[in-house]
Each structure stands twice: as structure tokens, then as C-alpha cells.
Amino acid sequence: MTRDGSPTIVPTWFVLDGEPGVRTGEDSAKAGHFRRDPRAALVVDVAHRPRAAHGPPGTMAPMDLRQLEYFVAVARHRHFRLAAESLYVTQSAVSQQVRRLEAELGVQLLRRTNARPPVQVTAAGAELLTRAEAILADAAAARAAMDAHAGVVRGAVRVVSTPGDALRLAPALARFHAGHPAVRISLRQGTAAAAADAVRTGAADLAVVAPVMGTAAPEGLEAAPLRDEPLVLIVAPGDPLEDTGPVTLWDLRDRPFILGEPGTALREVVVEACSREGFGPVPLFEVGDPTAVRFLVHAGLGVSLVPASWMAQPGPEVAVLAPAGPAPGHALALLSRPGALTPLAGLLAAALRAELGD
């Protein structure tokens, strides 16, 4: 209040989301007014954030690495939701940080559209993207160098795999973490195509997938072959095949099959193996989830050929039989982007090749 009792408005700056800013201290005149006069009120308005919350007039608030990381993710994906998923944060958090970065720089970096992709990078954004990627790479290298001085390995690495192949991958990741407890490992699941796209766009560092027979490495990626895993035959408990001795694929020609989804490597391997025996399997069910396959087989709805690692997990009881003759193999590959592996991702890739490779 003024001396004559009329109201007055005085701007007050404060700390926002933990960022350093100019704020009113407890001993300031403004704080004294709040203590003395119950009519005093504080109104928060963040629609127009100051260009510099703690510097001299006319200066620009500093960018932080989190803002650059979020901006780079959106610029790579051309999509806010996909960027948020790749960072394991909410979409609103990404949008907020990008808006702050644009406000602090005073330029538009990204343009939202109704087209596809829904985000376009402006000329200013394209220039910042190049610089931001270099800054983030330097920061990661600096952290790695300091960790080397400290004698520890820390940081984060992102891996993506298909649901069925994750069963074989998970124990290897657990053993790597046991040797490097300061490393944060994230594992996501998706189709083989989605896994390849995640590595290609930078949403993941590595992918472990089973490539379809006869196909080359996905465009723009390197594929390191891993050790083949034998397939085993599973049937319902008490199935007559349990007592017949070695079972050939020909013995299954009249049985309904539970196959992987069309286009998956596991399905192609099984179909090719049956074709060599002179018949085509009848796909009663087409699923790729290991637990679902076991439930269906347990219920007597069909037989299936699955990777042996699927049987190492708890689940409905099934009878496991080794096919007569050479067992079909399920091959995995480790996908990475050439020249884009961080030191930590490279360390994990080497560990996976040593444990899962030939």
C-alpha cells in the first residue's frame, strides 16, 4: 500500500522449478509488507518469463543441458510424444523445456504443424541442433573422462528388443549391471522394425533383435551377429508325442501350430523348417508373447517351436521335446548406429557380444 492507502503493484521475482533466479529475501522491504499487512497478495504470472532471471538487464539466461537434450530429441524425432518416450519423461516436461529454451533465445526453434511429421525444425533450430549435438557429445565425453579419473563407470545406456528376444537379453543385462552398478540401463520392447527405428533415430543406443532370414542389416545400421539359439518343440502335458521317442517335424504335419506374427524371424524359421519336411504349418494362433504361447500350448490348442530360453522362465506347464535331427536355430543380431555409440554403450555392446556372441 502507498501512504494514502491506495493499492500498488510491485514485481517480485522468485526461484522457478529449481532454476537460479532473483528472488525477494526474508529481510527485504517487500517481505516486511507481507508480514505486516494481511491485505498483501502474491500473484504468479509465468506467461512472460524474464529473459534473464539473474543477470544484468539485457542479458540472456543461460541454456542448460537438459533443455538442449530435450530439444535435440524433438528435432530428431520431429515429434514431441516420441521424443518424450525416448527420454522416459512426460510429454509436458519436454514441451515446457523447449518453450523455455525458445523464450530464452528469443527465436522459434520448432514449428508445430498438422502435417506429418508434426514438428518442423526452423532455420535457427537446424543451426542449434548441430551445435547442441556437439555440446552434448562433449559433455558426455567430459563425464566419461572424469569417471575414468574416479575409477568408476556411470551413466545411462538405452536398449530395445522384441518381447521374445528380451528373455535371452535380460540375464546378460543383469550381469552387466552387477559389474557396473553405477550404470543405469533401460530396456524397452517393441517389434523388430520399431527397435531398428529407435536405434536409427537415436532413441536407443542398441537393439537386440532376430533378423528375418536373408535380409540385410536395416538401412543405416550395423548388425553384429550373435549366437544362434536352438528351437525346442513344446506340446501340452500328457500329449501322446511325449511317449513316442524322437519327434520329427513331419510328425506334426496334421497338428495346428502356434506361430509368431507374420513377418517375424521366428515365424520364418519355423515355416522354412516345416517346408523342408514337405508341409506347411497351419497357424491356428499367431502370437509373439512367450507367456501367451505357453498358455495356448498348455491348453492343448496347438504345438509350437520356440527358443529354448523361453522355457527358462516360469509359466504354465508344457512338455518340452527336442526335435529329431538338427534343430532349427533362432539367430539374434546386435544393432547399432555407425559412429554413434557412446563409450558406455560401446562397453555394453562389447559385453553383449562376448556373452551372447559366437
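This report describes the largest pocket, the largest cavity and one open sheet of a predicted model.

**Pocket and cavity**

The largest pocket holds about 1400 Å³ of space. Its lining consists of 46 residues. Those nearest the centre of the pocket are Glu-69, Ala-140, Arg-143, Ala-156 and Thr-342. Sorted by class, this lining has 27 nonpolar, eight polar and eleven charged residues.

Several elements contribute at least two lining residues each to the largest pocket: helices H2 (65-77), H3 (80-87), H5 (123-150) and H10 (343-356), together with strands S3 (155-161) and S4 (183-189). H5 gives the largest share, with ten residues.

The count of cavities of 30 Å³ or more is one, and the largest cavity has a volume of about 30 Å³. Its lining is made up of Ile-258, Leu-259, Gly-260, Leu-266, Val-287, Gly-288, Val-293, Ser-304, Val-306 and Trp-310. Strands S8 (256-259) and S10 (304-307) each supply at least two of the residues lining this cavity. By class, the cavity lining has seven nonpolar and three polar residues, and no charged ones.

The table sets out volume and lining classes for the two spaces.

| Space | Volume | Nonpolar lining | Polar lining | Charged lining |
|---|---|---|---|---|
| Largest pocket | about 1400 Å³ | 27 residues | eight residues | eleven residues |
| Largest cavity | about 30 Å³ | seven residues | three residues | no residues |

**The sheet**

S3 and S4, which each supply at least two residues of the pocket lining, also belong to an open sheet of five strands. The strand order is S4-S3-S5-S13-S6, with mixed pairing. S4 and S6 (222-225) are the edge strands, each pairing on one side only. On average, neighbouring strands of this sheet are turned by 25° against each other, direction ignored.

Within the sheet, S3 and S4 are paired in the parallel sense over seven bridges. Val-160 has Arg-188 in S4 as its bridge partner, and Ser-161 stands opposite Gln-189 in S4. In a regular strand, side chains alternate between the two faces of the sheet.

**Helices at the sheet**

Helix H6 (residues 163-179) forms a right-handed β-α-β unit with S3 and S4. Helix H7 (residues 192-200) lies across three strands, namely S3, S5 (206-209) and S13 (333-336). The direction of H7 is at about 160° to S5.

S3 thus links the topics of this report: S3 supplies at least two residues to the lining of the largest pocket, pairs with S4, takes part in the β-α-β unit and has H7 lying across it.

Definitions and conventions:
Residues numbered from 1 in each chain as written. Predicted model: local features only at pLDDT ≥ 70, side-chain atom pairs only at ≥ 80, totals over all residues. Heavy atoms only, no water. 1 Å grid on protein atoms, 1.4 Å probe; cavity = no way out; pocket = protein on both sides within 12 Å on 5 of 7 lines; lining within 4 Å. Points joined across faces, edges and corners; volume = space filled by probe spheres on them. Helix = DSSP H or I, 4+ residues; strand = E, 2+ residues; numbered from the N terminus. Nonpolar A, V, L, I, M, F, W, Y, C, P; charged D, E, K, R; others polar. Pairing = 2+ DSSP bridges. Axes fitted to C-alpha atoms, helices over the stretch in contact; angles between N-to-C directions. Contact = heavy atoms within 4.5 Å. Right-handed = clockwise from strand over helix to strand, strands pointing away.
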